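Here is a short set of exercises to work through with the model open beside you. Try each task before you read its solution.

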Amino acid sequence: MSFALILQYLLSGITTGSIYAIVAIGFNIIYNTTGIINFAQGEFLMIGAMTAISFSAFMPLPAAIGCAVCITALVGALVEILFIRWLKNPSVLRMIIITIGVSILLREAGLHIWDEKVRSLPYFTGNECSSISFMGAHISPQVVWVLSVCAAMVLLLTLFFKYTLTGKSMRACSANRRAAILCGINAKNMVTLSFMISAAIGALAGCVISPLTQTHYDCGAPLAIKGFIVAILGGLGNTTAAVVAGLLLGIIEAASISVMPVAYKDVISITVLLAILFFKPSGLFGNKEAGRLKEF
Amino acid sequence: MKRYLPLFFIIAAVIAIQVWVTACDKSFYLTQLTMSAYYTIVVIGLCMLMGYAGQISLGHAGFFAIGGYCSAALSGADCTVFSHSATGNLFVKLGLLMVKQDLYGSSLVQLHPWICFGAAILITIFIAYLIGMPVLRLKGHYLAMATLGFGSIIYKIVLGTKVFGGADGLSGVSPFEITKGFSICGSMAMRVPNYYFAWLLVILAALFMQNLLHSRAGRALRAIHGNEEAANAMGIDTARYKLNLFVISAVFASVAGIFLTHFNGGIGPSEASTMKSVRYVSMVAVGGMANLWGSILAGIGLNFLSLRGYFGSFDEAVFGVILVVIMLFAPNGILFKPGIPWKRKGEN
Amino acid sequence: MDLLEVRKLHRSFGGLHAVNDVSFTVKKGSVKGIIGPNGAGKTTLFNLIAGATKADSGTIVFNEKPVHDKPCHEIARLGIMRTFQNIKLFSKMTCLENVMVGRHVKSKAGMAAGFLNTPATWREEKEIREIALAKMEILGIPHLADTDAQSLAFGQQRHVELARALAGEPRLLLLDEPAAGLNMQETEELGKTIAAIKDLGITILLVEHDMSLVMSVSDEINVLCFGQVIAQGSPRDIQKNPEVIRVYLGDDNA
């Protein structure tokens with residue numbers, strides 16, 4: 001295999017991997033603040049992209065994306081307020097089923113608002129024929145967009161959680177909710193905020209990947225599964241690990257295409273999930289104590 | 001025998017509905033009721049697993065599909081080449097292989113349907129043990145995702161494999177002959193016997209489950225659900241009980257899959273999809289997680305309405321709404337049967 | 001005869017030696033108390049004997065059979081039953097059903113028999129029910145049989161847990177802080193109950209903070225501190241032991 005081909009696979013893997021990482025980060029933010037796994041995370045990507053597509057008909061692209069991100073963030077807040085906020089001590093099972101139900105509702109709403117056609121945003125720069133030559137591999141300029149947007153999001157989130165007061169408040173909530181409340185932090189609002197942030201970054205990721213993978217009402221669920229696999233692979237709650245794990249999974253998937261039929265590509269990632277769950281549920285980078293479930 | 005009382009109501013209702021439907025000349029309802037019955041068997045098995053042992057399974061449609069696809073593939077397999085060998089001849093003599101005439105007059109050698117049935121069940125048991133052993137050591141989200149992953153793998157395999165017909169699934173599945181004159185198939189002449197056969201299976205499933213619940217083993221399962229650590233301390237081998245129950249509920253789903261496939265004359269990959277698994281879960285949830293009769297009612301009601309198309313293009317949305325609403329407002333289900341020995345205390 | 005023999009038991013968590021080279025025996029038919037300040041390792045020791053955690057090294061021999069390597073449920077089958085410090089009754093089951101589960105180790109109907117509801121199981125079920133009720137009567141709570149176990153008051157829940165442990169007819173009963181959360185009168189009654197259980201021939205090992213209870217029911221007491229046994233003897237000897245007094249009250253009050 002030539003170096004150029006390997007590089008091609010690598011870049012393809014890194015591209016999809018970075019999207020998986022963003023979904024996983026979305027999971028982690030909500031999980032860290034609430035202990036809930038949000039099965040509806042993938043739908044945020046779908047809604048973000050679909051909204052942007054609708055808006056781009058009468059707005060310049062950056063404005064459309066900006067509006068879409070804001071609207072999706074509001075949807076995230078709405079989901080939290082309607083379905084999560086007023087529950088007292090729900091069991092894990094109940095939360096899982098609720099978020100699955102929410103994901104179905106969002107998906108069906110998407111179906112009825114936008115119908116089942118496949119759409120996509122236009123390429124941010126160039127079109128589907130343009131390609132950049134990079135060390136012998138040919139990649140679409142959109143790939144550069146995906147990588148830079150994802151990297152920027154990770155950087156901004158890290159800065160947000162480390163240096164801003166709100167970010168620190170959210171971290172306080174996740175470490176010890178009661179203590180955070182006693183310090184005057186409004187834990188309920190932090191939870192809503194975590195949903196909004198997850199929805200926003202999901203929407204942005206959905207927009208940036210849309211030209212490459214097309215968007216349709218059903219595209220959220222597979223992304224959510226991959227994102228969840230990545231989150232577990234890295235260790236639930238650990239954002240940097242999610243990035244590494246995402247890239248890793250993306251590369252494994254891309255490499256797998258060269259040895260087995262494309263139809264089985266998803267089987268690889270699910271097998272990875274099962275392997276991790278069976279052998280090291282706390283993830284590659286987690287330790288045993290952290291691997292225990294957080295309760296609401 | 002008070003616990004069997006609801007069973008008698010069900011039997012009476014089954015007969016009454018059949019008589020009424022035939023009298024009204026709406027016999028086509030029977031087809032959907034038969035299909036609903038088979039789906040209800042899956043729901044009963046899942047109710048046992050989720051409601052009483054407290055193990056969530058988001059991949060149960062996978063077991064339904066394993067049963068259906070294996071039986072369909074095996075019963076449709078052309079064994080002409082095999083039948084000419086020594087063992088093949090022996091099989092023919094024993095009746096395990098059947099020599100038939102197909103539509104064009106040439107001879108067709110197929111496995112006897114009960115052989116296919118047995119093989120499909122054995123495969124299900126094998127896979128269920130294989131998956132169950134590691135999966136049931138997990139809890140909460142991890143268990144849910146592992147079962148979801150399992151269901152996904154089955155779906156992808158049947159979708160992407162030629163033997164299983166790929167995206168088109170398998171069709172032209174031969175009737176399953178139970179006795180002379182009665183086989184599981186979609187023919188109009190056999191609609192009524194098929195209806196009763198399906199419902200007989202439902203009643204058997206409910207009977208077994210009721211027995212189990214009131215037995216020592218059922219108590220052990222409920223103890224595991226109540227507090228697994230204490231159950232272990234009281235001498236209950238929790239891992240073995242959970243695994244055995246998992247396999248049994250998988251077999252329930254598989255049996256339903258086998259017979260429904262023969263009834264429909266085919267099976268498609270959507271039977272293994274996550275949406276199907278979610279539907280089964282929502283039916284258990286609506287009926288009340290630990291409520292056998294509620295699950296049966298929900299299974300019949302929701303399946304029948306869905307099959308008759310009452311939900312239209314909102315079919316999936318309805319199940320989503322049901323899941324959310326039930327879980328938000330009535331996590332113990334809405335079909336609450338009074339007279340259960342313990343008082344409901346709200347949350348798990 | 002020594003029913004239980006613990007030898008050189010070690011268990012650490014990370015760098016903390018929760019149980020450090022602990023050895024002792026429990027004579028058949030006696031009541032042994034384990035006391036010690038908080039963090040002494042009593043609960044860990046308990047969990048090791050009951051099989052909830054596994055020792056890093058050392059042996060536990062029960063009725064001349066080694067049990068330190070056996071899983072929890074098998075240890076129960078061999079005749080060791082326990083209660084829990086923060087009561088672990090089975091939710092969504094009545095008190096009677098809870099106690100009937102305690103009888104699990106002495107009955108044998110399996111899942112197949114359960115499904116088919118064979119006549120053989122009818123007799124066994126009746127027997128399990130009767131014995132469970134009998135145990136509840138010993139503890140004075142037969143009237144609670146059909147109430148939801150978790151809706152009871154704390155003291156009553158304790159009784160149910162005890163009945164549940166007794167239903168398994170254990171040879172050795174492990175009581176994990178049975179007096180926790182009980183008032184003085186309830187503690188006194190508990191003392192009488194423990195004496196009654198001892199009269200049934202059951203050996204008892206209990207971990208407890210309540211000194212009046214331990215001193216009154218125990219035949220022998222071990223004192224644990226930082227994972228090690230620092231004193232062993234009759235209640236009177238322990239009360240006079242200077243090391244024990246120092247550990248509990250500090251140096252000034254020796």
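**Exercise 1. Find how many residues chain B and chain C each bring to their contact, then describe the interface.**

Step 1. Count the residues in contact, that is, with heavy atoms within 4.5 Å. Chain B gives 36 residues and chain C gives 35 residues.

Step 2. Turn to the buried area, the accessible area (1.4 Å probe) that two parts lose on being put together, summed over both. Between chain B and chain C this comes to about 3,300 Å², with 62% from carbon and sulfur atoms.

Step 3. Look for salt bridges, defined as a side-chain nitrogen of Lys or Arg within 4 Å of a carboxyl oxygen of Asp or Glu. The rule finds 3 across this interface of chain B and chain C. One of them joins Glu229(B) to Lys88(C), whose closest N and O atoms are 3.3 Å apart.

A word on the ground rules before you go on. This is a predicted model, in which local features need pLDDT of at least 70 and side-chain atom pairs count only at pLDDT 80 or more, while totals for chains, interfaces and linings use all residues. Residues are numbered from 1 along each chain as its sequence is written, chains are lettered from A and ligands numbered from 1 in the order in which they are written, and side-chain values use heavy atoms, leaving out hydrogens and water.

**Exercise 2. Describe the interface of chain B and chain A in the same steps, and find which three residues of chain B supply the most area.**

Step 1. Here the contact takes 40 residues from chain B and 43 residues from chain A.

Step 2. The two chains bury about 3,600 Å² between them, and carbon and sulfur atoms hold 79% of it. His141(B), Tyr142(B) and Met145(B) supply 23% of the area that chain B buries against chain A, more than any other three residues.

Step 3. The rule finds 1 salt bridge across the interface of chain B and chain A. Asp266(A) forms a salt bridge with Lys156(B), and their closest N and O atoms lie 3.5 Å apart.

**Exercise 3. Work out the strand order of the 6-stranded sheet in chain C, then place E3(C) and the helices on it.**

Step 1. Strands (E, at least two residues) and helices (H or I, at least four) are DSSP runs, numbered from the N terminus. Two strands pair if DSSP finds at least two bridges between them.

Step 2. Reading across, the order in this open sheet is E6-E7-E8-E3-E9-E10, with mixed pairing. Its edge strands, each paired on one side only, are E6 (80–82) and E10 (228–233) of chain C.

Step 3. Follow E3(C) to its neighbours. E3 (residues 31–35) runs parallel to E9 (residues 220–225) of chain C, joined by 4 bridges. In E9(C), Ile221(C) is the bridge partner of Gly33(C), and Glu220(C) stands opposite Lys32(C). With E8(C), E3(C) also pairs in the parallel sense over 4 bridges, and there Val31(C) faces Ile204(C).

Step 4. Check burial, where buried means under 20% relative accessible area, exposed over 50%, and partly exposed in between (1.4 Å probe, protein chains only). In E3(C), 5 of its 5 residues are buried. Val31(C), Gly33(C) and Ile35(C) point one way, and Lys32(C) and Ile34(C) the other way.

Step 5. Add the helices, with axes fitted to C-alpha atoms (for helices, over the stretch in contact) and angles from 0 to 180 degrees between N-to-C directions. Helix H1 (residues 42–50) of chain C lies across E3, E6, E7, E8 and E9, at about 150 degrees to E7(C). Helix H7 (residues 184–199) of chain C touches E3, E7 and E8, and makes about 150 degrees with E8(C).

**Exercise 4. In the 4-stranded sheet of chain C, find the strand order and the place of Lys8(C).**

Step 1. This open sheet has the order E2-E1-E4-E5, with antiparallel pairing. E2 (16–27) and E5 (65–66) of chain C are its edge strands.

Step 2. E1 (residues 2–13) and E2(C) are joined by 9 bridges, and Ser12(C) stands opposite His17(C).

Step 3. Lys8(C) lies in strand E1 of chain C. Although Lys8(C) is not a glycine, its phi is positive, about 50 degrees. Lys8(C) is exposed, at a relative accessible area of 52%.
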